[in-house]
Amino acid sequence: MIDGTAVVNAKYAVFDPQNADCPESFKSNGSTAEHLALVLNRYEANLLMPDSSIMSVEELAIKLAKQEGAEVVIIKMGPQGALVYEKGNITTVPAYRTRKIWKIGSGDTFAAHFALGWMDNGLSAHAAAEKASIATAFYCEHQGFPDQELLKTYSPDPLVPSARYCDGYTPNVYLAGPFFTLAELWMVGQARRDLLAMGLDVFSPYHDVGIGSAEDVVEKDLEGIRKCDVLLAIGDGAYSGRS
């Protein structure tokens with residue numbers, strides 16, 4: 001809830017903090033649950049756990065489960081899928097390849113389908129997360145909500161990250177986009193946070209160079225382009241930013 005908070009007292013609860021800047025603990029407002037599952041991306045998980053930058057994702061999940069009193073912790077890891085902690089057991093589920101991407105609402109889709117499987121259908125956390133990942137792929141590709149019949153016929157291929165990425169290589173993304181209005185600044189900032197949450201190294205002219213004369217910024221921007229692996233341009237109108 002953006003403008004308030006809800007105190008929940010439940011037998012089963014699935015908690016997605018939905019805050020990219022300062023996620024709060026489920027129990028911080030007095031909420032309780034006999035069986036609690038946390039659904040987080042890696043960025044949110046890091047913010048909830050101090051000194052987590054030196055932890056592996058497995059260690060992070062274990063410590064979060066203890067800190068939050070959670071039975072289940074799911075940490076979404078972008079192209080590497082999601083790690084699932086359940087009562088001391090750790091597994092992973094893949095992300096799935098899609099021909100299109102539609103991010104708005106994708107996290108809600110994952111959390112909702114996980115909740116359906118885990119709370120209502122009695123699935124293990126791993127099985128529920130796997131179904132949630134497939135449902136999220138359907139949503140991203142079709143921009144629509146899948147029912148159970150649609151999911152039975154939808155069989156996307158698992159996304160397999162390259163060995164270089166799995167070995168720890170961090171691709172560098174040059175983020176080009178306009179930043180002349182408040183809405184544009186928000187859009188560039190949100191894109192940067194999302195890319196960082198995926199484990200990417202991001203060069204943003206607005207954040208890393210700043211505003212200045214052409215003499216001050218052009219060569220620094222060009223150097224950022226030369227060093228990047230991928231250039232992402234936000235096409236807002238006819239302007240693609242400082243690129």
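**Two open sheets and the parts packed on them**

L175 finds its bridge partner in β8, at L232. This is a predicted model, so local features are described only at a pLDDT of at least 70 and side-chain atom pairs only at pLDDT 80 or more, while totals for chains, interfaces and linings use all residues. Residues are numbered from 1 along each chain as its sequence is written, and side-chain values use heavy atoms, with hydrogens and water left out. Helices and strands are DSSP runs numbered from the N terminus, with at least four residues of type H or I for a helix and at least two of type E for a strand.

The L175–L232 pair belongs to a run of four bridges that join β6 to β8, the two strands being parallel. Strands count as paired here if DSSP finds at least two bridges between them. As a reminder, strands of a sheet pair through backbone hydrogen bonds, either parallel or antiparallel. Together with β7, these strands make an open sheet of three, in the order β7-β6-β8 and with parallel pairing. β7 and β8 sit at the edges with a single partner strand each, so each has one side without a neighbour in the sheet. From one strand to the next, the twist averages 30 degrees.

Two helices lie across this sheet. Helix α7 (residues 182–197) crosses β6, β7 and β8 and runs at about 170 degrees to β6; angles are taken between N-to-C directions, from 0 to 180 degrees, using lines fitted to C-alpha atoms (for helices, over the stretch in contact). Helix α9 (residues 214–227) also lies across β6, β7 and β8, at about 140 degrees to β6.

α7 itself has 16 residues and spans 22 Å from its first C-alpha to its last, close to the expected 22 Å, where the expectation is 1.5 Å times one less than the number of residues. Its buried residues are E184, V188, G189, Q190, A191, L195 and A197, with buried meaning under 20% relative accessible area, exposed over 50% and partly exposed in between (1.4 Å probe, protein chains only). The cover over these residues includes α1 (42–48), β6 (172–176), β7 (201–203), α8 (205–209) and β8 (230–233); contact means heavy atoms within 4.5 Å. Just past the end of α7, G199 takes a positive phi of about 85 degrees.

The other open sheet described here has five strands, in the order β1-β2-β3-β4-β5, and its pairing is mixed. β1 and β5 (89–93) are the edge strands, each with a single partner, so one side of each has no neighbour in the sheet. Here the twist averages 15 degrees from one strand to the next. Strand β1 (residues 9–15) runs parallel to strand β2 (residues 32–41) and is joined to it by six bridges; within this pair, N9 stands opposite T32. Five bridges then join β2 to strand β3 (residues 72–76), again parallel, with L38 opposite V73. On the way to β4 the direction flips: five bridges join β3 to β4, and these two run antiparallel. V73 turns up here too, with Y85 of β4 as its bridge partner. Helix α3 packs on the sheet, touching β1, β2, β3 and β4, and its direction makes about 140 degrees with that of β1.

As for rings, the structure holds eight aromatic pairs. Rings of Phe, Tyr and Trp (its six-membered ring) pair if their centres lie within 6.5 Å; planes under 30 degrees apart are stacked, over 60 edge-to-face and the rest tilted. Y12 and W118 are edge-to-face, because their planes stand at 80 degrees, with ring centres 5.3 Å apart. With Y12 in strand β1 and W118 in helix α3 (residues 106–120), the pair ties together parts 106 residues apart in sequence. Y12 is partly exposed at a relative accessible area of 34%, whereas W118 is buried at 5%. The rings of Y174 and F203 are stacked instead, with centres 5.4 Å apart and planes at 25 degrees. That pair links strand β6, which holds Y174, to strand β7, which holds F203, 29 residues apart. Y174 is buried at 0%, and F203 is buried at 17%. Y12 and W118 also join F114 in one aromatic cluster.

Finally, confidence. The protein chain has a mean pLDDT of 90, and 95% of its residues reach 70 or more; pLDDT is the predictor's confidence in each residue, from 0 to 100. Confidence is lowest in helix α6 (residues 163–166), at a mean of 82, and highest in strand β4 (residues 82–86), at 98.
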